[in-house]
Amino acid sequence: MSAQAIPDAFEMLLMGTAGQAAEQIQADERKQYATLQARAALRGIVLVKSHTERGEVEYIASLHAMTKAFSSLQELSAWLDRVEGRRA
């Protein structure tokens, strides 16, 4: 193996690990979103994942004429806890 091949192999290993970590984070976020969407549906709330005009992720909850936007899943989860009457 040449001296150049060792750094290339190491970089590929690091990128593979980083790529797997990014995929795991995305999978965790999808699962958390699906769970929150199901919790909202049990209350008659429609939850939609959207993007702002700046391209940032935004979660929109709608119930009848009420619409509320959230910038994170944590913010949305805290709001759903209040709607469901859960105590912190």
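The exercises below work through a predicted model, moving from its nonpolar core to its salt bridges, its second helix and its hairpin.

**Exercise 1. Determine which residues make up the largest nonpolar core, and which element gives the most to it.**

Solution. Start with the membership: the largest nonpolar core has 12 residues, namely Tyr-33, Leu-36, Ala-40, Ile-45, Leu-47, Tyr-59, Ala-61, Phe-70, Leu-73, Leu-76, Trp-79 and Leu-80. Next, assign these to elements: helix 1 (5–42), strand 2 (57–63) and helix 2 (73–84) are the elements that give two or more residues to this core. Of the elements, helix 2 gives the most, with four residues. Finally, take Phe-70 as a single member and leave aside its neighbours within four places in sequence; Phe-70 is then in contact with Glu-58, Tyr-59, Ala-61, Glu-75, Leu-76 and Trp-79.

**Exercise 2. Find how many salt bridges there are, and which residues are linked in a network of them.**

Solution. The count comes to three salt bridges. In one of them Asp-81 pairs with Arg-39, with the closest N and O atoms 2.7 Å apart; this pair links distant parts of the chain, since Asp-81 lies in helix 2 and Arg-39 in helix 1, 42 residues apart. In another, the side chains of Glu-84 and Arg-39 meet at 2.8 Å, N to O, and here too distant parts of the chain are linked, with Glu-84 in helix 2 and Arg-39 in helix 1, 45 residues apart. Arg-39 takes part in both pairs, and Arg-39, Asp-81 and Glu-84 are accordingly linked in a network of salt bridges. The side chains of Glu-56 and Arg-54 also meet in a salt bridge, at 3.8 Å, N to O.

**Exercise 3. Classify each residue of these salt bridges as buried, partly exposed or exposed.**

Solution. The step needs two cut-offs: buried means under 20% relative accessible area, and exposed means over 50%, with partly exposed in between. Arg-39, with a relative accessible area of 14%, is therefore buried, and Glu-84, at 18% relative accessibility, counts as buried as well. Asp-81 has a relative accessible area of 24% and so is partly exposed. Turning to the remaining pair, Glu-56 is partly exposed at 43% relative accessibility, whereas Arg-54 is exposed at 66%.

**Exercise 4. Establish where the buried residues of helix 2 lie around its axis, and what span the helix should have.**

Solution. Begin with the span: at 1.5 Å a residue, the 12 residues of helix 2 should span 16 Å, and its end C-alpha atoms are 16 Å apart, which agrees. Then list the buried residues of helix 2, which are Leu-73, Leu-76, Ser-77, Trp-79, Leu-80 and Glu-84. They cover an arc of only 165 degrees around the axis, so they lie on the same side of helix 2. The general background is that an α-helix has 3.6 residues a turn, so residues three or four places apart point the same way. The face turned away from the buried side of helix 2 carries the exposed residues Gln-74 and Arg-82. Just beyond, helix 2 is followed by Gly-85, whose phi is positive, near 80 degrees.

**Exercise 5. Describe how strand 2 and strand 3 run, and how many residues stand between them in the hairpin.**

Solution. Strand 2 and strand 3 (residues 66–70) run antiparallel and are joined by five bridges. Across this pairing, Ser-62 stands opposite Thr-67 in strand 3. The two strands form a hairpin with two residues between them, and His-64 in the turn has a positive phi of about 55 degrees.

Technical notes: Residues numbered from 1 in each chain as written. Predicted model: local features only at pLDDT ≥ 70, side-chain atom pairs only at ≥ 80, totals over all residues. Heavy atoms only, no water. Core = buried A, V, L, I, M, F, W, Y, C linked by side-chain atoms within 4.5 Å. Buried < 20%, exposed > 50% of the residue type's maximum accessible area, 1.4 Å probe, protein only. Contact = heavy atoms within 4.5 Å. Salt bridge = Lys/Arg side-chain N within 4 Å of Asp/Glu carboxyl O. Expected span 1.5 Å × (residues − 1). Arc of directions from axis to C-beta. Pairing = 2+ DSSP bridges.
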